[in-house]
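Hi,

Here is the structure I promised to pass on. Have a look at it first, and then read my notes underneath.

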Amino acid sequence: MRRRLFVATVVSALACTVLFGGSAASSNGSRKLTTITIDTLPIANGFPLDLGIQKGFFAQHGIQISKKTLQSGNDIVLAMANGNGDIGYIGYVPAMIARTQGIKFQVVAASDDEGTSVADNWQNVLVKGSSSIQTPADLAGKTIAVNALKGVGEVMIKAALKKRGVDPNSIKLVALPFPAMRTALNNGQIDAFWAPEPFVTQGLNDGDRIVLAPGPVLGKYWPIGNYGALESWTSSHPALAKSFRDAMNQSLTYAQSHPDEIRALLPAATRNIRLPIWSPVVDMSKLVQLAKYAKEFGVISSLPNMVKLVPSAVLGGKILQGTIGNGFITLRLDGRTVTTLRHGTYTIVVQDTSNRTGFRLSGPGVSKQTSVRGTGRSTWTLALKKGTYVYSSLAKPSQRARLRVT
């Protein structure tokens, strides 16, 4: 029965490419490596895995990766349910569909989050530059391509349209592989498409326009991707699951701090793409809201058991947004200035817009700062302990504010 339920959501056959392959136990010097087969997607967001392999993070944890590429999260869940893959890189919506249809998928590690606005978001709804569609309201009655029906795109688009006052049932969704979407747009088969990078930048370079960034409409740093496995696999391989999570978290943190190394994995023509926020923490409150949206729009019939879906071994936490300029400094949570937090793990994304000062955060166990002369995005994943933290301008120490952690 569960196979038939998922077949309805499958876009394409399970054709795949195997990379970094190996036997179940291969040697790395004198150490035996255990192979984990990863089912993944053809998008740049999965590159921290590749970078982690390159850097030897997985080998250090006794793991060799065999990677297979499929077209959608629903494809991946179906493959895993049929014994084709150990861990899958998918969106949280396919994970929720799996749990509510009796496929006991469980998150092993977090992955990526969306941005804060149309300007920095990497997964958007685009139209042709000449299109009459100018605003989200103009999408009513139009045909939009997503990579799978009853998936992440459907939930995100409908929830964002509703929040913008547009009837979410007024649109028509069709399923297409990401690489085929822009051709379909140019041929007039669809009015718009929803896709991640590198397809967003490819479209923008050809004159397409973004009309909706669903994630930022729903919330800052909206959680999207994760690495997970069937409960039967994690219960049979608890030490291996932990080793994968540790290596993946190391890869995510490293990728976020070294964007140039991620870009180097891309073809030269696409190295200017927008990168996501990679973080080992999961914002559970946003995941609960995402589950409610999925149920509201008929993608799932009941809410999943979130404790089973995201076990306590996966880091729970929030993502904070810091900004620094010549005359201002801010630290926000979900767009609001934050003065008090509970102790725990946080990812802090700092946008430094000034080449004359930098952002500094100091307090119990923490001393971090951006460059005075440099600009750009810096990201830190930190354990904030009980006590008082201060964030301040390096050039103007009097420009400062306090953060109390309880």
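Below are some notes on salt bridges and on one pair of packed helices. Please keep in mind that this is a predicted model.

Salt bridges first. The count for the model is 11, and I will go through a few of them here.

One joins Lys55 to Glu261, with 3.0 Å between the closest N and O atoms. Lys55 belongs to helix H2 (residues 47-55) and Glu261 to helix H12 (residues 259-263), so this bridge ties together parts that lie 206 residues apart in sequence. Both ends can be placed by their accessibility: Lys55 is partly exposed at 34% relative accessibility, and Glu261 is partly exposed at 24%.

You may like the next group, a network of salt bridges that links Asp283, Lys286, Lys318 and Asp334. Within it, Asp283 and Lys286 meet through their side chains, with an N to O distance of 3.1 Å. Are these two residues buried or exposed? Asp283 has a relative accessible area of 8%, which is under the 20% cut-off, so Asp283 counts as buried. Lys286 is buried too, with a relative accessible area of 8%.

Lys286 also forms a salt bridge with Asp334, and here the N to O distance is 2.5 Å. This pair connects distant parts of the chain, 48 residues apart: Lys286 sits in helix H13 (residues 284-296), while Asp334 sits in the loop between strand S16 (329-333) and strand S17 (336-337). Asp334 has a relative accessible area of 28% and is partly exposed, whereas its partner Lys286 is buried.

Now to the helices. Two packed helices are described by the angle between their axes and the distance between the axes. For helix H4 (residues 73-81) and helix H5 (residues 92-100), the angle is about 40° and the axes are 9 Å apart. Angles under 35 degrees would count as roughly parallel, so H4 and H5 are classed as oblique to each other. Their crossing is right-handed.

Which residues make the contact between H4 and H5? On the H4 side they are Gly73, Asn74 and Val77, and on the H5 side Pro94, Ile97 and Ala98. Sorted by class, the contact of H4 with H5 has 4 nonpolar and 2 polar residues, with no charged ones.

If you open the model yourself, the network around Lys286 and the contact of H4 with H5 are the two places I have described at residue level along with the Lys55 and Glu261 bridge.

Best wishes

How values were computed. Residues are numbered from 1 along each chain as its sequence is written. This is a predicted model: local features need pLDDT of at least 70, side-chain atom pairs count only at pLDDT 80 or more; totals for chains, interfaces and linings use all residues. Side-chain values use heavy atoms; hydrogens and water are left out. A salt bridge is a side-chain nitrogen of Lys or Arg within 4 Å of a carboxyl oxygen of Asp or Glu. Helices (H or I, at least four residues) and strands (E, at least two) are DSSP runs, numbered from the N terminus. Buried means under 20% relative accessible area, exposed over 50%, partly exposed in between (1.4 Å probe, protein chains only). Axes are lines fitted to C-alpha atoms, for helices over the stretch in contact, and angles run from 0 to 180 degrees between N-to-C directions. Angles under 35 degrees count as roughly parallel, over 145 as roughly antiparallel, 65 to 115 as roughly perpendicular and the rest as oblique. A crossing is left-handed if the near helix is turned anticlockwise from the far one by less than a right angle, and right-handed if clockwise. Contact means heavy atoms within 4.5 Å. Ala, Val, Leu, Ile, Met, Phe, Trp, Tyr, Cys and Pro count as nonpolar, Asp, Glu, Lys and Arg as charged, and the others, Gly among them, as polar.
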